[in-house]
Amino acid sequence: MIRKISASLMALALAGCVNLAPDHERPALASAPAYDPEFRPDGTVVASTLSYREWFNDPRLVSLIDTAVANNRDLVAATARIEQARAQYRIQDSRRLPTAVADAAATRSRIPLGSIAPGTPGSVTINRYDVGVGVSSFELDFWGRIANLSEAARAQYLAAEANQRAFYLSLIADVATTYFALLESEAQIDLAQATLESRQEGLRIARLRLDAGVTSALPFRQSETLLTTAEQQLAAQRLSQAQQRNQLSVLVGGTTPENLPVALPMSGQENGMELDPGTPSDLLLVRPDIVAAEEQLRAARANIGATRAAFFPTISLTGNAGFSSNDLDNLFSSDGLSWSFGPSISLPIFDWGAREADLDLAKAREVEQVAVYEKTVQEAFREVSDALAGRRWLAEQVAALTQGVAAQERITRLARLRYREGVADYLEVLDAERNLFTAQQQLLTTQRAFLQNGTSLFVALGGGLAVETPS
């Protein structure tokens with residue numbers, strides 16, 4: 001009997017459900033249908049099929065990313081938000097089915113006979129036993145209110161999962177970017193240290209020439225200027241190195257691990273892969289931030305259906321069945337069977353416009369989420385386009401700066417030779433060495449920017465998720 005009642009309630013609830021939410025349709029592509037062919041490479045590697053272990057070939061960098069994925073506090077928090085959203089979805093979805101409550105009770109009562117018939121002496125003792133199962137206020141979801149609330153909670157859960165994956169990719173990019181900046185700082189320190197030693201030797205020679213009366217004090221003071229410039233640059237790069245190390249420690253979730261693999265130099269970081277960017281429409285499926293924005297839009301539309309259902313009557317059912325007896329041995333006999341079953345209806349009449357305001361709020365949130373989704377798509381398109389342009393122009397800058405450094409080295413050697421032979425004054429040497437140092441610094445900075453650009457393109461195309469993410 002109890003099973004029949006529960007089955008009837010479920011059948012009634014599911015059979016009459018009407019969905020008042022607008023149909024979910026993905027908004028039209030809010031970007032150009034293709035990337036600029038001027039910057040499109042001829043690569044064939046699809047980024048979304050690669051893990052970060054396949055993309056990065058520096059074992060130290062891979063080890064640092066592994067540590068960050070395991071320990072980063074923000075990623076732990078993002079993963080915890082998935083669990084929260086999953087629990088909220090389970091709670092909301094459970095309300096689509098009736099909740100059955102079983103209860104049992106036993107009472108023993110002493111009743112004076114005088115309370116029944118005045119003047120009658122004595123008392124009587126009565127035992128009563130009750131057991132039953134009941135369903136309390138189960139809402140029949142004729143208008144889809146509960147179903148849409150469940151769908152909204154499900155979409156929020158999926159959005160939380162996508163946001164965690166988006167942060168996962170962001171963490172990979174942040175670790176790699178910081179690591180490349182640290183490599184640049186170390187290379188800049190080596191350059192500044194070598195330059196400092198060279199200029200210390202130059203100052204020593206200038207002092208000897210001054211003491212011997214070969215030159216005036218001006219070349220000596222100019223050598224001092226070169227030396228102090230190198231000292232200032234060395235101090236600045238050491239500060240940058242300390243800051244990059246501190247940032248890397250935060251990203252990996254604490255202290256940087258010891259016994260890391262040997263790092264590759266900046267010149268050995270390129271993996272030789274050329275990525276195929278595909279089309280902008282491909283980003284809709286591989287970019288977790290776009291997936292999250294679409295799920296948020298789906299949740300907003302489901303909430304419209306829930307608010308529309310509030311304009312219709314709410315129908316609830318209450319039922320229970322059980323056994324009652326004064327004799328425990330006969331508790332489950334047919335004579336002790338009892339049951340009750342009854343519907344209730346609540347019809348909204350006048351609420352001073354509260355339901356209309358709720359519906360307007362839900363519609364406005366849908367408009368907002370459409371705009372957020374389109375903006376997310378546009379930002380993804382821009383990130384890929386910027387990375388593609390950078391891939392070309394930064395490579396050309398590196399090539400040009402490499403040639404420029406070689407030319408500047410030749411100019412510096414000639415300037416020093418001309419000065420030693422007395423053909424030119426020391427100002428020519430000063431300018432040549434200053435220009436060489438600046439060119440070498442620019443080359444290191446551009447090489448680092450080129451490496452970071454490769455990481456940006458890899459992540460912007462959804463690369464890095466091929467490996468199992470923490471959950």
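## Close-up views of side-chain contacts and helix packing

Y179 and F180 are both buried (buried: under 20% relative accessible area; exposed: over 50%; partly exposed: in between; 1.4 Å probe, protein chains only). The model is predicted, so local features need pLDDT of at least 70 and side-chain atom pairs pLDDT 80 or more, while totals for chains, interfaces and linings use all residues. Residues are numbered from 1 along each chain as its sequence is written, and side-chain values use heavy atoms, without hydrogens or water.

**Seven aromatic pairs occur in the structure.** In one of them, the ring centres of F142 and W143 lie 6.2 Å apart and the planes meet at 55°, so this pair is tilted. Y179 and F180 make a tilted pair too, with 6.2 Å from centre to centre and 55° between planes. Rings of Phe, Tyr and Trp (its six-membered ring) pair with centres within 6.5 Å; planes under 30 degrees apart are stacked, over 60 edge-to-face, the rest tilted. W143 has 26% relative accessibility, so it ranks as partly exposed. Y179 and F180, by contrast, are both buried.

**W55, F56 and F458 gather in one aromatic cluster.** This view takes in the three residues W55, F56 and F458.

**E270 and R391 pair in a salt bridge.** Their closest N and O atoms are 3.2 Å apart. The bridge joins distant parts of the chain: E270 sits in the loop between α6 (217-251) and α7 (283-286), R391 in helix α9 (residues 354-420), with their positions 121 residues apart. Helices (H or I, at least four residues) are DSSP runs, numbered from the N terminus. E270 is partly exposed because its relative accessibility is 35%. R391, at 12%, counts as buried. The whole structure holds 20 salt bridges (a side-chain nitrogen of Lys or Arg within 4 Å of a carboxyl oxygen of Asp or Glu).

**R287 and E383 meet in a salt bridge.** The N to O distance is 2.9 Å. Distant parts of the chain are linked here too: E383 belongs to helix α9, R287 to the loop between α7 and α8 (288-309), 96 residues apart. R287 counts as buried because its relative accessibility is 5%. E383 has a relative accessible area of 32%, so it is partly exposed.

**R392 and E396 form a salt bridge within helix α9.** The closest N and O atoms are 3.5 Å apart. The two residues are four positions apart in the helix, so about one helical turn separates R392 from E396. Each partner is partly exposed: E396 has a relative accessible area of 40%, and R392 has 30%. Elsewhere, shared partners connect R26, E294, E295 and R298 into one salt-bridge network.

**Helices α8 and α9 pack at an angle of about 165°.** Their axes lie 9 Å apart. Axes are lines fitted to C-alpha atoms over the stretch in contact, with angles from 0 to 180 degrees between N-to-C directions. The two helices α8 and α9 are therefore roughly antiparallel (over 145 degrees; under 35 is roughly parallel, 65 to 115 roughly perpendicular, the rest oblique). The crossing of α8 past α9 is left-handed (near helix turned anticlockwise from the far one by less than a right angle; clockwise is right-handed). Contacting residues include D289, I290, A293, L297 and I304 of α8, and L359, A362, V370, Y373 and V377 of α9 (contact: heavy atoms within 4.5 Å).
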